[in-house]
Amino acid sequence: MATSVAPRVYKNFINGEWAEPRGGEAYENRNPANTEELVGMFVSSGPSDIDAAVDAATEAYKTWRLVPAPKRAEILYRAAELLLQRKEEFSKDMTREMGKVLAETRGDVQEAIDMTYYMAGEGRRLFGQTTPSELPNKFAMSVRQSIGVCGMITPWNFPMAIPSWKMMPALVAGNTVVLKPAEDTPLSSYHLVQVLTEAGIPRGVVNLVSGDGPNAGAPLSKHKKVPVVSFTGSTAVGRIIAEAGAPDFKHVSLEMGGKNIIIVMDDANLDLAIDGAIWGGFGTTGQRCTAASRVAVHKSVYPEFIKRFVECVKALKVGDGLDPKIEMGPCINEQQLKTVMSYVEIGKGEGAKMLTGGNRLETGALAKGWFHAPTVFGDCSPKMRVAQEEIFGPVVSVIPIGSFEEAIEVANGVPYGLSASIYTKNVNQAFAAMRDLYTGIVYVNAPTIGAETHLPFGGTKQTGNGHREAAISAIDFFTEWKTLYIDYSDTLQRAQIDNAD
Ligand code: NAD
């Protein structure tokens, strides 16, 4: 629909000011549920914008690192209050730019609120250790130290939550930030940064540079003055980021793809398991790193599960996420829709049984967006590509299994290791699954999604490189340990030598 109102151009935020792009270019951010709606224009930044943001963050670091952590935390508390006040407005804007339903975008903003309060609390902790020295009249302790400018590169599926997971721990620990949000969802990052400025974050401490991966993300990931890079996104790009950081030994945290599984055992509460598989598989249109894109079902309950699961999938209401009746929104963009459609063909080609869906939705208003029908493949073998590769859309592959041991083997038999879940009433099986599933997160009698901010978040194998987000583990990533020895004996004491008989 044509509009006579000039679109708003959102600028970069560099050194405490909303800044014009150096190259002068801007790009369109459109609503994936209705591509006729322009959400806003954003800056297509390049290396010189990144340089300016990194310079500002480098300068600001000199003073920010010396601000007492409880004072830094006060700014975060104020930011959390502002987020709370504007939750509804930010959630609606997020649905417009990202497409997920309003209940879920409210959850995304809430996650940012929770993380901001949690990390503000860390301002009065940031605990180190004190411990006895092995020598007399000597004191030993360890303290956390900040590191410097942190580059952050984020995906579009949690447009406010994920930037908050990275920024809040980095800031409370005394680092400064340059954030490069996903090109599809910069508005939610803009809101987060706006709130931090209103809360009093000093000039240069937080910088926002929008743009695409190769032109804005890449120069940030290899910038010589950026010692820390925190990335969430695809495994393919994560590998590029890791390689970009290697020559300078940057601290690089990578949170990447997933192929998560729900295991439904023969004694499972089927109603609960089906509800979980619907929410896990089709929440956020399957575009969650923790989405349950595989469901392994015990053969003895397989026919019953399939019948009822497919009925529920067929009943899902797809459309614009701002409508409260809608349960599933669009794919994020045309490319993602095409990826989903290509995997549907791959699944058919390798003999998976199409049980429902499998097509783009284009009737009526849906034709204006990137909608795909919720899709279920049955009778999948664990090695099919649709059961191995991350599709990142509304496609669930159901795999029949004959035993608990087989379920664990299937679950672990993928390149990723983010989240896994088991539905069973057998406590022995539940504990064995908690021990044997090689993932960063395991749920029992709940779907693969639902992370809480005070617990570590991340995955094994090609999902991550050993770090964890959220909780105290995020503080671990954004600080370095410094060990302090204070000798008050007035003599030369030699550890390992002077205390030996
Ligand atoms: P993506 O990898 O395409 O993009 C992520 C970010 O990287 C974007 O900001 C993008 O601009 C930037 N980027 C792209 N190329 C780059 C380059 N060469 N150098 C530097 N930066 C570059 O991922 P996406 O499509 O935005 O997000 C979907 C992916 O993210 C899925 O694989 C999903 O599983 C993953 N994800 C993982 C987690 C987790 O915590 N494990 C959470 C959410 C999403």
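**View 1. The lining of the largest cavity mixes five nonpolar, five polar and four charged residues.** Welcome to this predicted model, which we will visit one close-up at a time. The largest cavity has a volume of about 80 Å³. In total, 14 residues line this cavity. If you would like to find its centre, look for Gly 286, Ser 293, Glu 390, Ile 391 and Phe 392, the lining residues that lie nearest to that point. Counting cavities of 30 Å³ or more gives five for the model.

**View 2. The second largest cavity has a volume of about 40 Å³.** Its lining includes Lys 259, Asn 260 and Ile 261, along with Arg 294. Further along the chain numbering, Ala 411, Val 414, Tyr 416, Gly 417, Leu 418, Ser 419 and Thr 439 also line this cavity. Sorted by class, the lining of the second largest cavity has five nonpolar, four polar and two charged residues. A word on how to picture such places: rolling a probe the size of a water molecule over the atoms shows where empty space is left.

**View 3. The ligand has 28 residues around it.** Those that come nearest are Lys 180, Glu 183, Ser 234, Met 256 and Glu 390. You have met Glu 390 already, among the residues nearest the centre of the largest cavity.

**View 4. Side chains and backbone both offer atoms to the ligand.** Start at Lys 180, where an N or O atom of the side chain is 2.7 Å from an oxygen atom of the ligand. At Glu 183, a side-chain N or O atom is likewise 2.7 Å from a ligand oxygen atom. For Met 256, look to the backbone instead: one of its N or O atoms there lies 2.7 Å from a nitrogen atom of the ligand.

**View 5. Three strands make up an open, antiparallel sheet.** Follow the strands in the order β6-β7-β22. The edges are taken by β6 (129-132) and β22 (480-487), and each has a single partner strand, so one side of each is left without a neighbour in the sheet. On average, neighbouring strands here are turned by 20 degrees against each other, direction ignored.

**View 6. Strands β7 and β22 are joined by eight bridges.** Here β7 covers residues 138-145, and the two strands run antiparallel. To get your bearings, find Ser 142, which stands opposite Thr 483 in β22.

How values were computed. Residues numbered from 1 in each chain as written. Predicted model: local features only at pLDDT ≥ 70, side-chain atom pairs only at ≥ 80, totals over all residues. Heavy atoms only, no water. Pairing = 2+ DSSP bridges. Helix = DSSP H or I, 4+ residues; strand = E, 2+ residues; numbered from the N terminus. Axes fitted to C-alpha atoms, helices over the stretch in contact; angles between N-to-C directions. 1 Å grid on protein atoms, 1.4 Å probe; cavity = no way out; pocket = protein on both sides within 12 Å on 5 of 7 lines; lining within 4 Å. Points joined across faces, edges and corners; volume = space filled by probe spheres on them. Nonpolar A, V, L, I, M, F, W, Y, C, P; charged D, E, K, R; others polar. Near = heavy atom within 4 Å. Polar contact = N/O pair within 3.5 Å; in protein donor to acceptor, adjacent residues only side chain to side chain.
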